[in-house]
Amino acid sequence: MILPIYLYGSKVLRAKAAEVELDKCDRAAVGRLLDNMYETMKEADGCGIAAPQVGVSERILIVDGNDLADTYPYLKGFVRKMINPVVVEESDETVTYSEGCLSIPAVDADITRPKVITVKYTDENFEEKQETFEGFDARMVQHEMDHLDGVVFTDRAAPIRKKILAKRLANIAKGLTRTHYKVRLD
């Protein structure tokens with residue numbers, strides 16, 4: 001089921017998401033949420049989505065690099081569904097790249113992030129994993145993990161870029177934006 005994507009200005013995007021209590025959660029419900037998030041992300045032409053972006057304040061995210069494999073061949077077949085991800089290590093070396101976000105349509109900014117990260121998480125089969133990401137996969141994971149902490153990519157932009165984007169962000173927060181996918185403001 002395709003869910004509406006919450007826009008910049010929605011409270012759920014600024015809240016720190018709750019950990020999924022793995023020993024108490026309804027695993028079938030988590031599986032349905034992951035399926036719905038994936039379908040929503042693909043419908044919106046995204047490469048990642050976090051649960052807060054669909055109005056669910058839980059530490060769940062999906063990244064999918066398949067549509068970027070022409071540019072980054074190593075992303076062919078790269079799909080990760082993560083529950084309660086935690087960065088356990090990150091490189092001192094950083095990389096800057098222009099980012100965008102389904103919750104902030106038609107806005108981009110150069111964002112600097114660690115080049116390499118190691119993440120511990122539970123996958124969609126409720127198996128614990130630890131994986132190291134380097135390159136664009138690391139960027140996608142970090143971008144979505146930020147959503148779990150109430151951070152959007154524009155928060156990490158250079159001060160001058162934030163100033164330039166202020167009016168556009170204010171308009172999005174008022175619902176004055178167009179997308180080809182379902183959106184919502186709370």
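Me: Let's start on the surface: which residues form the negative patch here?
Reply: Four acidic residues do it: Asp35, Glu39, Glu43 and Asp45 make up a negative surface patch. Keep in mind that this is a predicted model. Asp35 itself sits in helix α1, which covers residues 27-43.

Me: How should I read the burial of Asp35: buried, exposed or partly exposed?
Reply: Look at the relative accessible area: under 20% is buried, over 50% is exposed, and partly exposed lies in between. Asp35 comes out at 47%, so it's partly exposed.

Me: What does the fold look like as a string of elements?
Reply: Read from the N terminus, the order is β-α-β-β-β-β-β-β-β-α-α-β. That gives three helices and nine strands in the chain.

Me: And how do I judge the overall dimensions of the chain?
Reply: Compare the radius of gyration with what a compact globule of that length would have. For 186 residues the expected value is near 16 Å, and the chain has 16 Å, so the two agree. If you'd rather think in box terms, the C-alpha trace spans about 45 × 35 × 30 Å along its principal axes. As for the interior, buried residues account for 46% of the 186.

Me: Can we take a residue on the outside? Where is Lys167?
Reply: Lys167 belongs to helix α3, residues 159-173. Its relative accessible area is 62%, so Lys167 counts as exposed. For a sense of distance, pick Phe78 as the other end: the two residues are 89 positions apart along the chain, and their C-alpha atoms are separated by 36 Å.

Me: Now salt bridges. How many does the structure hold?
Reply: There are 15. What you're looking for is a side-chain nitrogen of Lys or Arg within 4 Å of a carboxyl oxygen of Asp or Glu. One of them pairs Arg80 with Glu131, where the closest N and O atoms are 2.7 Å apart. This pair ties together distant parts of the chain, with Arg80 in strand β4 (residues 79-90) and Glu131 in strand β8 (residues 128-134), 51 residues apart.

Me: Are the partners Arg80 and Glu131 buried or exposed?
Reply: Both are buried. Set that beside the bridge between Arg161 and Asp108, whose closest N and O atoms lie 3.7 Å apart. Here, too, distant parts of the chain are linked: Arg161 is in helix α3 and Asp108 in strand β6 (residues 104-114), 53 residues apart. Arg161 has 22% relative accessibility, so it counts as partly exposed. Asp108, at 38%, is also classed as partly exposed.

Me: What about a pair whose partners fall in separate burial classes?
Reply: Try Lys129 and Asp123, a salt bridge with its closest N and O atoms 3.6 Å apart. Lys129 is partly exposed because its relative accessibility is 32%, whereas Asp123, at 6%, counts as buried. Bridges can also chain up through shared partners: Glu99, Arg113, Arg139, Asp146 and Arg156 are joined into one network that way.

Me: Last one, a loop residue. Where does Ala51 sit, and how covered is it?
Reply: Ala51 lies in the loop between β2 (48-50) and β3 (60-64). Don't take a loop position as a sign of exposure, though: the relative accessible area of Ala51 is 0%, so Ala51 is buried. It's also worth checking separation in space against separation in sequence. Ala51 and Ala17 are 34 residues apart in sequence, with 8.5 Å between their C-alpha atoms.

Key. Residues are numbered from 1 along each chain as its sequence is written. This is a predicted model: local features need pLDDT of at least 70, side-chain atom pairs count only at pLDDT 80 or more; totals for chains, interfaces and linings use all residues. Side-chain values use heavy atoms; hydrogens and water are left out. Patches are made of residues with over 30% relative accessible area and no salt bridge: like charges are joined within 9 Å, nonpolar side chains (Val, Leu, Ile, Met, Phe, Trp, Tyr) within 5 Å. Accessible areas come from the Shrake-Rupley method with a 1.4 Å probe; for residues, only the protein chains shown count as cover. Lys and Arg count as positive and Asp and Glu as negative; His and the chain ends are not counted. The place of a charge is taken as NZ of Lys, CZ of Arg, CG of Asp or CD of Glu. Helices (H or I, at least four residues) and strands (E, at least two) are DSSP runs, numbered from the N terminus. Buried means under 20% relative accessible area, exposed over 50%, partly exposed in between (1.4 Å probe, protein chains only). The radius of gyration is taken over C-alpha atoms; the globule rule is 2.2 Å times the number of residues to the power 0.38.
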